[in-house]
Amino acid sequence: MSSQNRADVFVGVHKGLRRGLLGLSQKMGSVDWSDAEDVKTVEAEFKNMVYFLREHAENEDTIQAPSLEAKAPGATRQMIEDHHRIEKQIDQLEKDWETAAKENFPHASCYRLYLSYNR
(Lines give C-alpha, C1' and ligand atoms only; values in the text may rest on other atoms or scores of the structure.)
Protein backbone atom coordinates (compact mmCIF):
# COMPACT_ATOMS: atom_id res chain seq x y z
CA MET A 1 0.00 0.00 0.00
CA SER A 2 1.40 3.39 -0.94
CA SER A 3 1.46 6.22 1.55
CA GLN A 4 -1.13 8.04 -0.55
CA ASN A 5 -3.64 5.22 0.01
CA ARG A 6 -2.85 4.67 3.68
CA ALA A 7 -5.52 5.62 6.20
CA ASP A 8 -4.52 8.60 8.32
CA VAL A 9 -5.81 7.90 11.82
CA PHE A 10 -4.76 11.32 13.10
CA VAL A 11 -6.50 13.76 10.75
CA GLY A 12 -10.14 13.31 11.77
CA VAL A 13 -9.68 13.43 15.53
CA HIS A 14 -7.31 16.40 15.38
CA LYS A 15 -9.69 18.23 13.08
CA GLY A 16 -12.48 17.64 15.60
CA LEU A 17 -10.32 18.81 18.50
CA ARG A 18 -9.38 22.01 16.66
CA ARG A 19 -13.05 22.67 15.89
CA GLY A 20 -13.97 22.20 19.55
CA LEU A 21 -11.07 24.35 20.74
CA LEU A 22 -12.03 27.17 18.38
CA GLY A 23 -15.69 27.00 19.36
CA LEU A 24 -14.83 27.19 23.04
CA SER A 25 -12.48 30.10 22.39
CA GLN A 26 -15.31 31.98 20.72
CA LYS A 27 -17.64 31.27 23.64
CA MET A 28 -15.05 32.31 26.21
CA GLY A 29 -14.51 35.52 24.26
CA SER A 30 -18.18 36.43 24.25
CA VAL A 31 -19.51 35.05 27.54
CA ASP A 32 -20.98 37.43 30.08
CA TRP A 33 -18.91 36.41 33.10
CA SER A 34 -21.36 38.15 35.42
CA ASP A 35 -24.20 35.88 34.23
CA ALA A 36 -24.08 32.66 36.27
CA GLU A 37 -25.98 30.65 33.64
CA ASP A 38 -23.62 31.76 30.86
CA VAL A 39 -20.64 30.85 33.02
CA LYS A 40 -22.17 27.46 33.88
CA THR A 41 -22.59 26.65 30.18
CA VAL A 42 -19.03 27.65 29.32
CA GLU A 43 -17.68 25.82 32.37
CA ALA A 44 -19.33 22.58 31.26
CA GLU A 45 -17.83 22.92 27.80
CA PHE A 46 -14.44 23.84 29.27
CA LYS A 47 -14.45 20.73 31.48
CA ASN A 48 -15.50 18.55 28.55
CA MET A 49 -12.70 19.95 26.41
CA VAL A 50 -10.13 19.33 29.15
CA TYR A 51 -11.41 15.77 29.48
CA PHE A 52 -11.24 15.10 25.73
CA LEU A 53 -7.77 16.61 25.39
CA ARG A 54 -6.43 14.40 28.16
CA GLU A 55 -8.28 11.33 26.90
CA HIS A 56 -6.98 11.92 23.39
CA ALA A 57 -3.35 12.26 24.48
CA GLU A 58 -3.62 9.16 26.67
CA ASN A 59 -5.10 7.21 23.75
CA GLU A 60 -2.35 8.26 21.37
CA ASP A 61 0.42 7.65 23.91
CA THR A 62 -0.74 4.24 25.10
CA ILE A 63 -2.49 2.73 22.09
CA GLN A 64 -1.22 4.31 18.89
CA ALA A 65 2.35 5.27 19.81
CA PRO A 66 3.53 1.74 20.66
CA SER A 67 2.35 0.44 17.27
CA LEU A 68 4.05 3.28 15.44
CA GLU A 69 7.22 2.90 17.48
CA ALA A 70 7.38 -0.79 16.63
CA LYS A 71 7.51 0.08 12.94
CA ALA A 72 9.52 3.31 13.14
CA PRO A 73 11.50 3.75 16.36
CA GLY A 74 11.58 7.38 17.45
CA ALA A 75 8.61 8.36 15.28
CA THR A 76 6.43 9.35 18.23
CA ARG A 77 8.99 11.13 20.40
CA GLN A 78 7.82 14.62 19.40
CA MET A 79 4.15 13.72 19.78
CA ILE A 80 4.68 12.39 23.31
CA GLU A 81 6.77 15.44 24.25
CA ASP A 82 4.01 17.67 22.91
CA HIS A 83 1.45 15.81 25.01
CA HIS A 84 3.53 16.35 28.17
CA ARG A 85 3.84 20.06 27.38
CA ILE A 86 0.13 20.35 26.66
CA GLU A 87 -0.71 18.50 29.89
CA LYS A 88 1.15 21.18 31.85
CA GLN A 89 -0.75 23.88 29.96
CA ILE A 90 -4.05 22.16 30.74
CA ASP A 91 -3.11 21.97 34.43
CA GLN A 92 -2.45 25.72 34.37
CA LEU A 93 -5.74 26.40 32.58
CA GLU A 94 -7.61 24.52 35.28
CA LYS A 95 -5.83 26.57 37.94
CA ASP A 96 -6.69 29.77 36.05
CA TRP A 97 -10.35 28.70 35.91
CA GLU A 98 -10.36 27.90 39.64
CA THR A 99 -8.80 31.28 40.43
CA ALA A 100 -11.39 33.13 38.37
CA ALA A 101 -14.20 31.11 39.99
CA LYS A 102 -12.94 31.76 43.53
CA GLU A 103 -12.86 35.47 42.74
CA ASN A 104 -16.40 35.29 41.26
CA PHE A 105 -15.15 35.80 37.70
CA PRO A 106 -13.84 39.37 37.73
CA HIS A 107 -12.82 40.86 34.39
CA ALA A 108 -9.06 40.70 35.01
CA SER A 109 -9.09 37.00 35.96
CA CYS A 110 -11.38 36.11 33.09
CA TYR A 111 -9.20 37.97 30.63
CA ARG A 112 -6.10 36.10 31.89
CA LEU A 113 -8.02 32.82 31.58
CA TYR A 114 -9.09 33.68 28.04
CA LEU A 115 -5.53 34.57 26.99
CA SER A 116 -4.13 31.46 28.66
CA TYR A 117 -6.70 29.29 26.93
CA ASN A 118 -5.85 30.71 23.52
CA ARG A 119 -2.13 30.04 24.01
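This is a short tour of salt bridges and one helix in a predicted model.

**Stop 1: Lys-47 and Glu-43**

The structure holds 7 salt bridges. Begin by selecting Lys-47 and Glu-43, which form one of them, with the closest N and O atoms 3.4 Å apart. Now colour residues 36–71, which make up helix 2; both partners lie in this helix. They are 4 residues apart, about one turn of the helix. Show the surface around Glu-43: its relative accessibility is 24%, so Glu-43 counts as partly exposed.

**Stop 2: Arg-54 and Glu-87**

Stay on helix 2 and select Arg-54, then add Glu-87. These two form a salt bridge whose closest N and O atoms are 2.6 Å apart. Arg-54 belongs to helix 2 and Glu-87 to helix 3 (residues 77–102), so the bridge ties together parts that are 33 residues apart in sequence. Are the two partners buried or exposed? Arg-54 has a relative accessibility of 23% and therefore counts as partly exposed. Glu-87, at 29%, also counts as partly exposed.

**Stop 3: Glu-94 and the network**

Keep Arg-54 selected and add Glu-94. The side chains of Glu-94 and Arg-54 meet in a salt bridge, at 3.1 Å from N to O. This pair links distant parts of the chain, with Glu-94 in helix 3 and Arg-54 in helix 2, 40 residues apart. Glu-94 has a relative accessibility of 27%, so this residue counts as partly exposed. Which residues do salt bridges with shared partners join into one network? Add Asp-91 to the selection to see the answer: Arg-54, Glu-87, Asp-91 and Glu-94.

**Stop 4: helix 4**

Clear the selection and pick residues 107–118, which form helix 4. This helix has 12 residues. From the first C-alpha to the last, helix 4 reaches 16 Å, close to the 16 Å expected at 1.5 Å a residue.

Next, show the side chains of Ser-109, Cys-110, Leu-113, Ser-116 and Tyr-117, the buried residues of helix 4. Turn the view to look down the axis of helix 4: the buried residues fall within an arc of 125°, so they line one face of the helix.

What do the buried residues of helix 4 pack against? Display helix 1 (11–30), helix 2 and helix 3 together with the side chains already shown; the buried residues of helix 4 pack against these three elements. Helix 2 and helix 3 were met earlier as the helices holding Arg-54 and Glu-87.

How values were computed. Residues are numbered from 1 along each chain as its sequence is written. This is a predicted model: local features need pLDDT of at least 70, side-chain atom pairs count only at pLDDT 80 or more; totals for chains, interfaces and linings use all residues. Side-chain values use heavy atoms; hydrogens and water are left out. A salt bridge is a side-chain nitrogen of Lys or Arg within 4 Å of a carboxyl oxygen of Asp or Glu. Helices (H or I, at least four residues) and strands (E, at least two) are DSSP runs, numbered from the N terminus. Buried means under 20% relative accessible area, exposed over 50%, partly exposed in between (1.4 Å probe, protein chains only). The expected span of a helix is 1.5 Å times one less than its number of residues. The arc is that of the directions from the helix axis to the C-beta atoms. Contact means heavy atoms within 4.5 Å.
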